[in-house]
Amino acid sequence: MPLDIVIGTQWGDEGKGRVVDLFAENSHLVARYNGGDNAGHTVTVADKIYKLHVIPTGVIHPQTFCVLGNGMVINPGTVIEEMDMLRSTGVEINPARLMISDAAQLITPGHRLLDRAQDAALGKNQIGTTGRGIGPAYVDKAARSGLRVGEILDRHSFPDRLRAHFTDINKRLSALYSQPEIDVEKYTAEYLEKAESLRPYIKRIGPEIQTALKMGKTVLAEGAQGSLLDLEQGTYPFVTSSCTTAAGVFSGLGIGIQPVRKVVGVAKAFQTRVGSGPFPTEQAGEIASFLRGSGSKPWDEFGTTTGRPRRVGWLDLVLLRYTQEINGLTELFLTKLDILSGLEQIQVCVAYEREGRKIDMLDFSCDAKSLAQCVPVYESLPGWKEDLSLCRRWQDLPVNARAYIEAIEEKTGIPITTISVGSERTATIYRD
Ligand code: IMP
């Protein structure tokens, strides 16, 4: 009963979409367990580019059964848009292959308004959220006042629950942020219409996943965001509001830990971040422009969800070792190695210093204040000029590219089993 977990090891945008797409080929069930439409997972298949925010990327493979787990926050409008987009490209979407947990929380337009008002009110301390209402929806969940997906099924009480919710949003918008109130009846009517379309997809998901595992079928858990955005272990408070690490899989899907076969960490060959928060290896100027790209190519470093230019920097092995510890990674999938082609020298951060002294890992803390005081210690590795996009075997890679990969393995102790050198499915190197 194998459970495979795919986790982002950085601040999100590591390329988890393309990794899940590869693993999904041999999976029966693919499940998202955290977050909502703040995620942006991209998969390129021949000339088609799929950008998904809520529905698991595994849906593109016709044999998979896909689940939106109870740990998620669901915006019905985004789910419907995604269903329509997928259908228009020939992907079959029906309740026989897509299920939404009745225990997941709902995101409403009220949550989105609150999210934006709240972040704007922070002024220079803004988190830089995606504005998708993620934080406020999880706040309502923790306050035990949130709306659960399963409530949609109760035609009798759901409209009143929505009215009460929007009325409460109005109180918060006006009292806390001096924002104009919304029209409760209009918002309720519009939301009801959208939510109604989800009705056939709403189920209890725990038994479904448990049965698949008992039958020996492969279940793939698709992580969203990255480990450094984890609410507990990330660069708090500059984090998202869900559990993005492997730990979130079990509560976010309602299963035990026994079936885990592997925990695959996805790491980009360099570091990126969207939104505020510490970033010890961040670069500006020429190196930043080189790593980010101009925005003319789909894989350039601009947000899939918000279009914001991503902050970029050198690979940080201190943080990679940390995310290995908190997730129990069994292997690494290294993405976007091709982007580094053309650099004379490549820096990797191998340690941190504070006030001129090396930081012992026992003293290391990932919270924003501590991390902001860390000064990276770099090792410089020789770059390579060759275009890697057509490399398909380990031995096709230039010597210096192989040395870069081996240096990461040596300094983190995690085997790099797979490397991607382009956005297409086939641009992948498997190491035996
Ligand atoms: P929120 O999840 O919208 O509340 O945003 C909180 C922080 O997480 C912000 O810095 C966002 O930019 C970041 N974030 C949320 N989702 C993603 C993602 O999928 N990729 C990268 N960053 C993300």
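This is a short talk on the ligand site and the second largest pocket of a predicted model.

Ligand first. Sixteen residues surround it. Closest are Asn38, Thr130, Thr240, Val274 and Arg308. Where does the ligand sit relative to domain 1 and domain 2? Both domain 1, residues 105-196, and domain 2, residues 268-430, give residues to the shell, so the ligand lies between them.

Now the shell by class. Eight residues are polar, six are nonpolar and two are charged.

On to specific contacts. Val274 uses its backbone: an N or O atom there lies 3.0 Å from a ligand oxygen. Arg308 uses its side chain, with an N or O atom 3.1 Å from an oxygen of the ligand. Gln225 places a polar side-chain atom 3.4 Å from a ligand nitrogen. How much of the ligand does the protein bury? Taken alone, the ligand exposes 470 Å², and 96% of that is buried by the protein.

Next, the second largest pocket. Its space comes to about 240 Å³. The lining has 13 residues. Nearest the pocket centre are Asn75, Gly77, Pro109, Tyr191 and Lys194.

Which helices build that lining? At least two residues each come from α2 (76-88), α3 (109-121) and α6 (184-198). Helix α6 gives the largest share, four residues. By class, the lining of this pocket counts five charged, four polar and four nonpolar residues.

To recap. The ligand lies between domain 1 and domain 2, with 96% of its area buried by the protein. The second largest pocket takes the largest share of its lining from α6.

Key:
Residues numbered from 1 in each chain as written. Predicted model: local features only at pLDDT ≥ 70, side-chain atom pairs only at ≥ 80, totals over all residues. Heavy atoms only, no water. Near = heavy atom within 4 Å. Polar contact = N/O pair within 3.5 Å; in protein donor to acceptor, adjacent residues only side chain to side chain. Areas by Shrake-Rupley, 256 points an atom, 1.4 Å probe, with all protein chains shown as cover. Nonpolar A, V, L, I, M, F, W, Y, C, P; charged D, E, K, R; others polar. Domains from an automatic or database assignment. 1 Å grid on protein atoms, 1.4 Å probe; cavity = no way out; pocket = protein on both sides within 12 Å on 5 of 7 lines; lining within 4 Å. Points joined across faces, edges and corners; volume = space filled by probe spheres on them.
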